[in-house]
Amino acid sequence: MAETLPVVPWLHIEEDGAHWLEGMRCSECGAMFLGHRENCSSCGARGSLKSEKLSETGTLHAFSIVHRSYPGIDVPYISAIVDLDGGGTIKGNIINVEPQPENLSFGMPLRVVFGDALGRKDADGNNYISYFFEPVS
């Protein structure tokens, strides 16, 4: 039977179907990183990183409207870097916004949403789930 798999290791899927993104916060300097790691890349501390559920809200830091991509990827789309509330910076695509510069503004509030990873499947027919950003309405 096919299952749903996370597209990246820092996306977690609970048994009840809930989704969340994981970060690691350094207890020495407060730096936040995606996914699991043993040492802090900011201050070099060892063993000081603790797992933390990342915020599902943030603000737009930077974006690019992509007009050329790999075959099978619909363009244009908005690739963005988002500063999450509470710490952490993450790259992802913005959805539910027409990809025109006038529809985007630096600092605009965004929220994390989870959904099908554009119909991608692995060799066994398993679906992938990914995260995206959409404007806070």
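Is phenylalanine 63 buried, partly exposed or exposed? At 25% relative accessibility, phenylalanine 63 counts as partly exposed. The legends below describe close-ups of a predicted model.

**View 1. Phenylalanine 63 and phenylalanine 106 form a tilted aromatic pair.** The structure holds 2 aromatic pairs, and this is one of them. The ring centres lie 5.5 Å apart, with 35 degrees between the planes. The pair links distant parts of the chain, 43 residues apart. Phenylalanine 63 sits in strand S6 (residues 57-66). Phenylalanine 106 sits in the loop between strand S8 (89-94) and strand S9 (109-121). Phenylalanine 106 is exposed, with a relative accessible area of 58%.

**View 2. Tyrosine 131 and phenylalanine 133 meet edge-to-face.** Centre to centre, this aromatic pair spans 6.1 Å. The angle between the planes is 80 degrees; it counts as edge-to-face because it is over 60. Tyrosine 131 is buried, at 9% relative accessibility. Phenylalanine 133 is buried too, with a relative accessible area of 1%.

**View 3. Cysteine 29 and cysteine 40 are not bonded through sulfur.** The count of disulfides is 0. For cysteine 29, the closest cysteine sulfur is in cysteine 40, at 3.7 Å. That is too far for a bond, because a disulfide needs the sulfur atoms within 2.5 Å. Cysteine 29 is partly exposed, with a relative accessible area of 38%.

**View 4. Cysteine 43 is in no disulfide.** The nearest cysteine sulfur belongs to cysteine 26 and is 3.8 Å away. Cysteine 43 counts as partly exposed, at 39% relative accessibility.

Key
Residues numbered from 1 in each chain as written. Predicted model: local features only at pLDDT ≥ 70, side-chain atom pairs only at ≥ 80, totals over all residues. Heavy atoms only, no water. Phe/Tyr/Trp six-rings, centres within 6.5 Å; stacked < 30°, edge-to-face > 60°. Helix = DSSP H or I, 4+ residues; strand = E, 2+ residues; numbered from the N terminus. Buried < 20%, exposed > 50% of the residue type's maximum accessible area, 1.4 Å probe, protein only.
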